[in-house]
Amino acid sequence: MTDFENMCKPVDTCTLHKHLLCDGVVDCVSGGDEVSRICSSSYSCVRRYSPGREEVALPLPTSWIGDGEVDCKDGSDENDTIQLPSCGENPSTRRYAEEGVDCGEVFLCGYPSTTHVQFSAMCDGEPQCAEEEGVCSVARTTPDLFTKLPVLSSTLYLNGQCLPGLERHRHLAPNCSLRKFSHPLHHILGRSETSLSVLRVEQDCSNVFGEMYVYLACLGMCQGVLAVCPVRSTLLTHGSCVGQYPGRLYTLADNSYLSFVLRMPHQPGVYHNSLFSCANSRCVLYSAVCDLVNDCGDWSDEMGCENHFNCSDDQLVDTSAVCNGAQDCRNLADECNPLCSSRIIQSHTLEFMGWVLGVLATSLNSIIITRNLCSICRKVSATTLLNRILILLIATGDMLVGVYLIIISAYNSYLHNSYCKDRNLWLTSNTCAVLGILNTAGTQLSLFSMTALSIAKVEEDKDGSC
């Protein structure tokens with residue numbers, strides 16, 4: 001029997017009996033015995049030990065329910081009669097006292113936070129707690145994205161290859177030129193002109209993100225005809241960015257409509273409007289455009305960008321993640337697509353050879369087995385009988401390998417559209433295990449029999465020479 005009278009729990013800097021916790025009476029000077037973090041509950045019962053209130057129903061912390069230790073006098077906290085909503089799946093489950101909470105398949109953030117993250121929203125670039133960010137930093141192979149350009153002065157930005165002081169890039173310096181950037185379609189009165197030091201030649205923008213991608217694409221510096229300027233269709237009017245940027249200064253655009261500019265922090269007299277107007281009337285900085293993250297909330301900041309792969313489930317990954325052997329998309333689309341050709345047998349030539357060799361090995365060795373079985377029944381010398389038995393075993397092993405090749409080629413044809421997504425199921429299936437045993441048994445049987453036959457031939461030759 002549990003010794004309730006001597007079972008004490010340390011709380012903050014004072015030590016209390018367990019059942020003096022969460023009883024509505026503050027016993028510790030700091031009040032730590034009654035904090036909501038440990039005392040939240042929607043269930044009350046008469047506790048087994050409650051000095052002075054033996055028949056009073058007191059709130060029972062949710063962490064005490066179903067913990068394997070009876071705390072209620074009637075044992076109701078351990079007999080499954082209390083049904084509380086919970087988040088997470090065993091062994092990581094957290095009960096919630098609030099009504100209407102339904103969160104089974106979730107990731108739980110650490111205490112004191114009660115936040116939980118739906119699995120479908122995990123590692124989407126917008127962490128809701130530090131624990132999610134920590135898990136995703138090791139669970140994903142997505143590299144860190146650099147979305148902002150180095151700034152040399154208040155209005156001069158530099159492309160990475162044109163940074164001063166990089167000795168190994170010094171030979172590129174003559175190829176760097178100064179380019180002026182303004183909005184591709186509209187002239188904003190009072191907007192400070194942005195200058196960029198970039199290479200004179202077009203660059204591969206598939207691994208460029210944020211304002212670096214915006215500037216290079218809008219200046220026509222990206223290779224390929226698909227790299228269009230992502231801010232070409234956006235129009236900043238006085239009514240854009242509702243509720244954002246309270247310090248805006250209104251100005252004229254194209255002498256035809258009212259727009260606004262923003263002061264550059266810590267740079268007096270410098271104004272910019274490097275903002276992308278989302279389809280839902282929100283605005284984000286250029287550094288948040290084409291950066292693989294849904295910063296607008298409606299994905300409009302990622303539309304028209306050619307530096308990502310669309311996983312088709314509200315998730316984008318960079319193009320280098322496609323067919324790299326790592327599963328970066330939650331739905332495996334980065335690896336399970338026609339570009340990657342993920343099959344049991346990758347090459348069509350090997351698949352064809354598997355069919356041909358499998359059929360030949362099975363049919364021809366079946367004939368050899370039949371003939372040797374018939375010849376064994378005849379009266380022959382012991383040496384001849386041994387040779388025929390070994391040949392029979394070799395043919396049996398080769399036939400098993402042939403059967404393996406036929407079956408694996410058939411499954412390759414059958415699963416060619418679904419193998420990538422079902423690869424783990426296939427590799428752990430009984431069928432795959434049986435095929436592995438079949439191939440191993442056939443190979444070992446054939447190898448053992450050929451070795452034995454060679455030894456027998458050597459001994460036979462020795463006898464003949466004598």
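This is a dialogue on reading a predicted model, one feature at a time.

Me: How far can the coordinates be trusted, and what is the mean pLDDT of the protein chain?

Reply: The general idea is that where pLDDT is low, the predicted coordinates should not be read in detail. Here the mean pLDDT of the protein chain is 77, and 79% of the residues reach 70 or more.

Me: Which element has the lowest mean pLDDT, and which the highest?

Reply: Strand 1 (residues 8-11) is at the bottom with a mean of 50, while strand 16 (residues 283-285) is at the top with 89.

Me: Next, the sheet with strand 13. In what order do the three strands of this open sheet come?

Reply: A general point first: in a regular strand the side chains alternate between the two faces of the sheet. In this structure the order is 12-13-14, with antiparallel pairing. Strand 12 (249-253) and strand 14 (271-272) are the edge strands, each pairing on one side only.

Me: How many bridges join strand 12 to strand 13, and how many pair strand 13 with strand 14?

Reply: Five bridges join strand 12 to strand 13. Strand 13 (residues 257-263) pairs with strand 14 over two bridges. To find the register in the model, take Tyr-250, which stands opposite Phe-260 in strand 13, and then Leu-262, which stands opposite His-272 in strand 14.

Me: Is strand 13 mostly covered or mostly open?

Reply: Strand 13 is mostly covered, with five of its seven residues buried.

Me: What should I look at in the hairpin of strand 12 and strand 13?

Reply: Look at the backbone between the strands. The hairpin has three residues there, and Asp-254 takes a positive phi near 55°.

Me: Where else does a residue that is not a glycine have a positive phi?

Reply: Two further cases are Cys-290, with a phi of about 55°, and Leu-332, with a phi of about 65°. Cys-290 lies in the loop between strand 16 and strand 17 (308-310), and Leu-332 in the loop between strand 18 (316-318) and helix 4.

Me: Why do Cys-290 and Leu-332 count as buried?

Reply: The cut-off for buried is under 20% relative accessible area. Cys-290 is at 0%, so it counts as buried. Leu-332 is at 15% and therefore also counts as buried.

Me: Which residues touch the most other members in the largest nonpolar core?

Reply: That core has 27 residues, and the ones touching the most other members are Phe-181, Tyr-213, Leu-216, Val-231, Phe-276 and Val-284. Strand 11 (194-199) and helix 3 (210-218) each supply at least two residues. Helix 3 gives the most, with seven residues. Another core lies apart from this one; it has 11 residues, including Cys-14, Leu-21, Cys-39 and Cys-72.

Me: How many residues of helix 3 are buried?

Reply: For helices in general, an α-helix has 3.6 residues a turn, so residues three or four places apart point the same way. In helix 3, nine of the nine residues are buried. Among them are Gly-210, Glu-211 and Cys-218. Just after helix 3, Gly-220 takes a positive phi of about 70°.

Me: Which residues make the nonpolar surface patch of about 910 Å²?

Reply: The patch is made by Leu-350, Phe-352, Met-353, Trp-355, Val-356, Leu-357, Val-359, Leu-360, Leu-364 and Ile-367. Take Leu-357 as a sample: Leu-357 lies in helix 4 (residues 348-376) and is partly exposed, with a relative accessible area of 46%.

Me: How many salt bridges does a search of the whole structure find?

Reply: The general idea is that side chains of opposite charge can pair when their charged atoms come close. The search finds one salt bridge. Lys-73 forms it with Glu-55, and the closest N and O atoms are 3.2 Å apart.

Me: Which parts does the pair tie together?

Reply: Lys-73 lies in the loop between strand 4 (57-59) and strand 5 (86-87), and Glu-55 in the loop between strand 3 (44-46) and strand 4, so the pair ties together parts that are 18 residues apart in sequence.

Me: Are the two partners, Lys-73 and Glu-55, buried or exposed?

Reply: Lys-73 has 48% relative accessibility and counts as partly exposed. Glu-55 has 61% and counts as exposed, since the cut-off for exposed is over 50%.

Key
Residues numbered from 1 in each chain as written. Predicted model: local features only at pLDDT ≥ 70, side-chain atom pairs only at ≥ 80, totals over all residues. Heavy atoms only, no water. Pairing = 2+ DSSP bridges. Helix = DSSP H or I, 4+ residues; strand = E, 2+ residues; numbered from the N terminus. pLDDT = per-residue confidence, 0-100. Core = buried A, V, L, I, M, F, W, Y, C linked by side-chain atoms within 4.5 Å. Buried < 20%, exposed > 50% of the residue type's maximum accessible area, 1.4 Å probe, protein only. Patch = residues over 30% accessible without salt bridge, like charges linked within 9 Å, V, L, I, M, F, W, Y side chains within 5 Å. Areas by Shrake-Rupley, 256 points an atom, 1.4 Å probe, with all protein chains shown as cover. Salt bridge = Lys/Arg side-chain N within 4 Å of Asp/Glu carboxyl O.
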